[in-house]
Amino acid sequence: MERLRGILEGKINENLIQMILSNPKENNGIKKIKIRPVLLKEKLYFQMTEYVGTKVFHKNIEKKQLIEIVIKTIGHMRQLEVESTKEHLTVFVSKKGKMSIKNKKLKIEKQSCNMEHNRKKKYILEEGQPIPFLIDLGVMTKQGKIVKEKYDKFRQINRYLEFIDDVLPKLSREREAIIIDFGCGKSYLTFAMYYYIKIVKGYNIRMIGLDLKEDVICTCNRLAQEYGYNKLEFFQGDIGDYNGVSKVDMVVSLHACDTATDYALAKAIKWNAKIILAVPCCQHELNRQMESSMLQPIIKYGILREKMAALLTDGIRAQILEGCGYDVQILEFIDMEHTPKNILLRAMLIKNGKRDFNIIHPFLEFINAKPMLLSLIKDLE
């Protein structure tokens, strides 16, 4: 460790671009730590960003404190990368605790780091490039400038695209991939998906939006034609009754009310969709069913019963998806304008085969619940 301490003493200065601690021994704590230099009142500090689950924590520390944190952490985060303007240092720690250090001198010196404390965030859809649907939404001017009052919506769209960008490699580039947005509504996120996946990333896709409102569907189809989005279509209809395609690669369902989310998930499972993104809303089903003598002291309070039912509903859906061969993440999404619901279920198909719901059955018996999603899946068998 003294060797590493000496190296850090020489590397941590104004020439540092970034440091990354990664590859944790355990998955139940900090996933990654990023460090970069910042100037605060003309004094050099180091901004440390910790990634814990879906949350991110920032703090600014001095050099001496940073070195002690790195020395203490390197046993738990088994890889350290130090990137400076002149060299790239990598430290590996084996399972047995053996440390190896590699230092590579750069042939071409890199530009020094931007040490502003509050750097402008880089978004997937950048400001400055006019985008038709964002202009029509009033989010962007014709010159590509974000309207100040609409910046939250711009941030929300980009956050949504970040979730999609993570899973895009699951989509095939060898054939046309089909994406369905159930309950698409006014479809500004549908347009954002199409623009990003088709136009920016160059995937060969066909996208379908489905909603019950005829006037909304007419408007969306008109806009799609105006923008030249010829592989984006909108149809009026109910999720449960939709049979317009026999194969779907990606299913999206944002704020489909109550069991409408279950119908969307069941359709996705039936199609063996590779990607599922769902932000559930208005989960009333479990609220009506839930009974438990052990939970009664808590669920007798209406507001707590409602919140608990919503969280349990999302957890049950996640477990059922896992029982169908999906790898599921429950992530925090940015609040929408019309609802405080902000939990995103993101599921990726990892295996097809026999469905197994044994893990969830004892819990369903405990709360006396018969979820719609489980019934819909059994009807498919």
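User: How does the lining of the second largest pocket divide by class into nonpolar, polar and charged residues?

Analyst: Happy to start there, with the reminder that this is a predicted model. For a lining, count its residues class by class. The lining of the second largest pocket has 20 nonpolar, nine polar and nine charged residues. In all, 38 residues line this pocket, and the space in the pocket comes to about 1000 Å³.

User: Which residues lie nearest the centre of the second largest pocket?

Analyst: Those are Gly183, Cys184, Gly185, Lys186 and Asp211. You can then move from residues to elements: α3 (132–136), α5, β9, α6, β11 and α7 (260–270) each supply at least two residues of this lining. Helix α6 gives the most, with five residues.

User: α5 is on that list. How many residues of helix α5 are buried?

Analyst: A residue is called buried when its relative accessible area is under 20%. In helix α5 (residues 188–200), ten of the 13 residues are buried, so the helix is largely enclosed by the rest of the structure. The buried residues are Tyr188, Leu189, Thr190, Phe191, Ala192, Met193, Tyr194, Tyr195, Tyr196 and Ile197. Just after α5, look at Gly202, which takes a positive phi of about 80°.

User: Now the sheets, please. What is the strand order in the open sheet that contains β9 and β11?

Analyst: The general idea helps here: strands of a sheet pair through backbone hydrogen bonds, either parallel or antiparallel. In this open sheet of seven strands, the order is β10-β9-β8-β11-β12-β14-β13, and the pairing is mixed. β10 (232–236) and β13 (326–332) are the edge strands, each with a single partner, so one side of each has no neighbour in the sheet. From one strand to the next, the twist averages 15°.

User: How many bridges join β13 to β14, and in which sense do they run?

Analyst: Seven bridges join β13 to strand β14 (residues 343–349), and the two strands run antiparallel. To find your place in this pair, take Ile330, whose bridge partner in β14 is Leu345.

User: Which strands of the sheet does helix α4 touch?

Analyst: Read a packed helix by its contacts and then by its direction. Helix α4 (residues 151–167) touches β11 (250–257), β12 (275–281), β13 and β14, and its direction makes about 15° with that of β14. Helix α6 (residues 214–227), by contrast in its partners, lies across β9 (205–211) and β10, running at about 165° to β10.

User: What is the order of the other open sheet, the one with β4 and β7?

Analyst: Its seven strands follow the order β4-β3-β2-β1-β5-β6-β7, and the pairing is antiparallel. Here β4 (55–61) and β7 (99–105) stand at the edges with a single partner strand each, so one side of each is left without a neighbour in the sheet. The twist averages 15° from one strand to the next. Helix α1 (residues 2–11) packs on this sheet, touching β1, β5, β6 and β7, with its direction at about 30° to that of β7.

User: How many residues lie between β1 and β2 in their hairpin?

Analyst: Five residues lie between them. Strand β1 (residues 16–24) pairs with strand β2 (residues 30–40) in the antiparallel sense over three bridges, and Leu21 has Ile33 of β2 as its bridge partner. The next hairpin, β2 with β3, has two residues between its strands, and Lys41 in the turn has a positive phi of about 55°. Ten bridges link β2 and β3 in the antiparallel sense, with Ile30 opposite Val52 in β3.

User: Is Phe46 in strand β3 buried or exposed?

Analyst: A general point first: in a regular strand the side chains alternate between the two faces of the sheet. Phe46 belongs to strand β3 (residues 43–52), and this residue is buried, with a relative accessible area of 1%.

User: Last one: how many cavities of 30 Å³ or more are found, and what lines the largest?

Analyst: The search finds two cavities of 30 Å³ or more, and the largest has a volume of about 60 Å³. Its lining includes Asp262, Glu285, Thr313 and Arg317. α8 (285–289), α10 (302–323) and α12 (372–380) each give two or more residues, with the largest share, four residues, coming from α10. By class, this lining has six nonpolar, one polar and three charged residues.

Definitions and conventions
Residues numbered from 1 in each chain as written. Predicted model: local features only at pLDDT ≥ 70, side-chain atom pairs only at ≥ 80, totals over all residues. Heavy atoms only, no water. Pairing = 2+ DSSP bridges. Axes fitted to C-alpha atoms, helices over the stretch in contact; angles between N-to-C directions. Contact = heavy atoms within 4.5 Å. Buried < 20%, exposed > 50% of the residue type's maximum accessible area, 1.4 Å probe, protein only. 1 Å grid on protein atoms, 1.4 Å probe; cavity = no way out; pocket = protein on both sides within 12 Å on 5 of 7 lines; lining within 4 Å. Points joined across faces, edges and corners; volume = space filled by probe spheres on them. Nonpolar A, V, L, I, M, F, W, Y, C, P; charged D, E, K, R; others polar.
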